[in-house]
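Reader: I am new to this structure. Please take one part and look at it closely. Then show me how the rest connects to it.

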Amino acid sequence: ELEDKDIPHRTKLSEMILNRFKLEYQKMTDEIKNSLGRVSFTSDMWSSQNLSGSMAVTAHYCAHARWPPRHA
């Protein structure tokens, strides 16, 4: 059964999320730096009805094969 003590405090949870982001970001940038050949970037920008803007950037590249494959 889940208890209050099993749920991290909001500041701890924020810290955990930021640390995981930094780890995954570093892995991603290392993989792109070691990619085979060129990297292709695409982007898209849009806004909501209340004019709150958003932007997405996507990178496409060929990476070295892994075995077993890494799953998201």
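Author: Four salt bridges turn up in a search of the whole structure. The model is a predicted one. Start with the background. Side chains of opposite charge can pair when their charged atoms come close.

Take the pair formed by Lys-12 and Glu-15. Their closest N and O atoms are 3.7 Å apart. Both residues belong to helix α1. They sit three residues apart, which is about one turn of the helix. Are these two residues buried or exposed? Lys-12 has 40% relative accessibility, so it counts as partly exposed. Glu-15 is partly exposed too, because its relative accessible area is 42%.

Now move along the helix to Glu-24. Its side chain meets that of Arg-20 in a salt bridge, at 3.0 Å from N to O. Glu-24 and Arg-20 both lie in α1. Here the spacing is four residues, again about one turn of the helix. Glu-24 has a second partner, Lys-27. The side chains of Glu-24 and Lys-27 form a salt bridge of 3.2 Å, N to O. These two are three residues apart in α1, so about one helical turn separates them.

Put the pieces together. Arg-20, Glu-24 and Lys-27 are linked in a network of salt bridges. How accessible are its members? Arg-20 has a relative accessible area of 51%, so it is exposed; the cut-off for that word is over 50%. Glu-24 has 29% relative accessibility and therefore counts as partly exposed. Lys-27 is partly exposed as well, because its relative accessible area is 37%.

The helix also has a nonpolar side to show. Leu-18, Phe-21, Tyr-25 and Met-28 form a nonpolar patch on the surface. Together they have about 410 Å² of accessible area. Look at one of them, Met-28. This residue lies in helix α1. Its relative accessibility is 39%, so Met-28 counts as partly exposed.

What about the helix as a whole? Helix α1 runs from 10 to 33. It has 24 residues, and at 1.5 Å a residue these should span 34 Å. The end C-alpha atoms of α1 are 34 Å apart, so the expected span and the model agree.

Not every residue of the helix faces outward. Which ones are buried? Among the residues of α1, Thr-29, Glu-31 and Ile-32 are buried. The buried residues of α1 pack against β2, which covers 53-60. That contact leads from the helix to the strands.

Strand β2 has a partner. β1 and β2 run antiparallel, and eight bridges join them. Two positions show the pairing. Phe-41 has Ala-59 in β2 as its bridge partner. Trp-46 stands opposite Ser-54 in β2. The two strands form a hairpin, with five residues between them.

The turn of that hairpin holds Leu-51. This residue is in the loop between β1 and β2. What is notable about its backbone? Most residues other than glycine have a negative phi. Leu-51 is not a glycine, yet it has a positive phi of about 65 degrees. Its side of the story at the surface is short. Leu-51 has 70% relative accessibility, so it counts as exposed.

One more loop deserves a look. Between α1 and β1 (40-47) there is a loop, and Arg-38 has its place there. Is Arg-38 buried or exposed? Its relative accessible area is 80%, so Arg-38 is exposed. What does Arg-38 touch, apart from residues up to four places away in sequence? The contacts are His-60 and Tyr-61. Cys-62 is another residue to place beside Arg-38. The two are 24 residues apart along the chain, and their C-alpha atoms are separated by 8.1 Å.

So the walk started at the charged pairs of α1. It followed the buried residues of the helix to β2. From β2 it crossed to β1 through the antiparallel pairing. It then passed through the hairpin turn with Leu-51, and it closed at Arg-38, in the loop between α1 and β1.

Definitions and conventions. Residues are numbered from 1 along each chain as its sequence is written. Side-chain values use heavy atoms; hydrogens and water are left out. Buried means under 20% relative accessible area, exposed over 50%, partly exposed in between (1.4 Å probe, protein chains only). Contact means heavy atoms within 4.5 Å. Patches are made of residues with over 30% relative accessible area and no salt bridge: like charges are joined within 9 Å, nonpolar side chains (Val, Leu, Ile, Met, Phe, Trp, Tyr) within 5 Å. Accessible areas come from the Shrake-Rupley method with a 1.4 Å probe; for residues, only the protein chains shown count as cover. The expected span of a helix is 1.5 Å times one less than its number of residues. Two strands pair if DSSP finds at least two bridges between them.
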